[in-house]
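Colleague: Please take a close look at one part of this protein for me. I would like the contact between two of its domains, and then the ligand.

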Amino acid sequence: METAKLSLQGKDYELPVIVGSEGEVGIDVTKLRGSSGAITVDPGYGNTGSCLSSITFINGEKGILQYRGYPIEEIANKLRFVEVCYLLIYGHLPNNLELEDFHHKLTHHSLIHEDMKKFFEGIPPEAHPMAVLSAMFSSLSAYYPDTGNGEDVDLNIIRLLAKAKTIAAFSYKKSIGQPYVYPRNDLSYPGDFLHMMYAVPAEPYLVSDVLEKALNMLLILHADHEQNCSTSTVRMVGSSQANVFASMAAGVAALWGPLHGGANQQVISMLQKIHDDGGDYKKYVAMAKDKNSDFRLMGFGHRVYKNFDPRAQILKKQSDKVLTELGITDPMLDIAKNLEQVALEDDYFVERKLYPNVDFYSGILYRAMGIPTQMFTVMFALGRLPGWISQWKEMRSDPKGRIYRPRQIYTGETKRPVVPLEKR
Ligand code: CMC
């Protein structure tokens, strides 16, 4: 077995090397503190592997993303979102029977307890839907407590996936003051979500094929992304053996931030600002490069992708297609494309390997689908839910799993006595 050598304070240590199935190399430091007293320091965890996982593989240099070994380009074009949920959670693509059973369960658990509607009543209409989603996920644990029985956990996972779209759509209906629309069992997962978002009691609602397909792809493209901020949060919270609902609520909270899933909302605000400012996108590229300005090009850059984000490439093509099919011309799409072109040729962005990420084009698509800007990050959360669940499940079924508990290097005051109040 290959090892890595470390010399520290006059002593040599041999550290085991772990090689993943795609050739990724990691130095195993699990015994380092015990043997040397030292720890590794890696703020932002850019060089830290927090777990071994068989769910998602990313090669950021080559722009590769695979769920359970299947390339994202194939998955996005060939599968339905529920198949991808199944793949992520159970590890293989479902056969006909498995898919039928899974879809049946997802539809028959999609109602939320009628009492939960009262929660929505208490929320101000202008509340951010991510606040609502996180609170409602947490509240589900009040209705479906974790008894520690594995079967309950499996059922709670189904409940969570099934009810998430109902909760998301209800939060939207609440924000616009319309009556809630109940789920329908005859529709696909994305189709049912669109129905609950847009149907009104006065007239029948026909799910548009174009919107349903576009949403199916958007959800798939967001479904998992290995150890990102929200997924690591889910694992961190779940490692204390917190229940699945509480762990997912924490994931929603982490996703909300503008540097993570909240970026999709920020991208549209940024494009709108550029548009309202006369469309001078070059001025904003200059601002993003200016170290005296806090401004960043939202939807640009990624911790892992250093060449291109394959999800952004798929979404760029999809935006063109869907807008054409819907007969929509959106000046934001033109601004986005121009901004991308200028940034991709600019030394600042080239040197730092900053490329459009998944959030750059997703907002344009959501807008075309009539989804309000405040809901964009909720859409991301809906897509990411199967990823969070599969990562949570993988972590909880690891017999060697331990509570996540990093260490630190203390840099504060050394030990000193408390000075009495009158002498301070
Ligand atoms: N605009 C301008 N400069 C940038 C940008 C940007 N969007 N992103 C990074 N940089 C610069 C940054 O200032 C730094 O420059 P320097 O080396 O001179 O100090 C360098 O690039 C490296 O940036 P970093 O902040 O150290 O990189 P990170 O890996 O810690 O952050 C990021 C990754 C995605 C948070 C960051 O690129 C960013 O803030 N992007 C905008 C927000 C965004 O689009 N987030 C969505 C990410 S994709 C969806 C998801 O999975 O969350």
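Modeller: The domain interface comes first, then the ligand site. This is a predicted model, where local features need pLDDT of at least 70, side-chain atom pairs count only at pLDDT 80 or more, and totals for chains, interfaces and linings use all residues. Residues are numbered from 1 along each chain as its sequence is written, and side-chain values use heavy atoms, with hydrogens and water left out.

The protein splits into domain 1 (3-64), domain 2 (70-261 + 373-383) and domain 3 (264-368); these bounds come from an automatic or database domain assignment. Take domains 2 and 3. Their C-alpha centres are 27 Å apart. In contact are 21 residues of domain 2 and 22 residues of domain 3, with contact meaning heavy atoms within 4.5 Å. About 2000 Å² is buried between domain 2 and domain 3, and carbon and sulfur atoms give 70% of that. Buried area is the accessible area (1.4 Å probe) that two parts lose on being put together, summed over both.

Now the polar side. The rule finds 0 salt bridges across this interface; a salt bridge needs a side-chain nitrogen of Lys or Arg within 4 Å of a carboxyl oxygen of Asp or Glu. Polar contact links 5 residue pairs, both residues at pLDDT 80 or more. A polar contact is a pair of N or O atoms within 3.5 Å; within protein, one must be able to donate a hydrogen and the other to accept it, and residues adjacent in sequence count only if both atoms are side-chain atoms.

Next, the ligand. A backbone N or O atom of F300 sits 2.8 Å from a ligand nitrogen atom. The side chain of R303 places an N or O atom 2.8 Å from a ligand oxygen atom. For Y348, a side-chain N or O atom is 2.9 Å from a ligand nitrogen atom.
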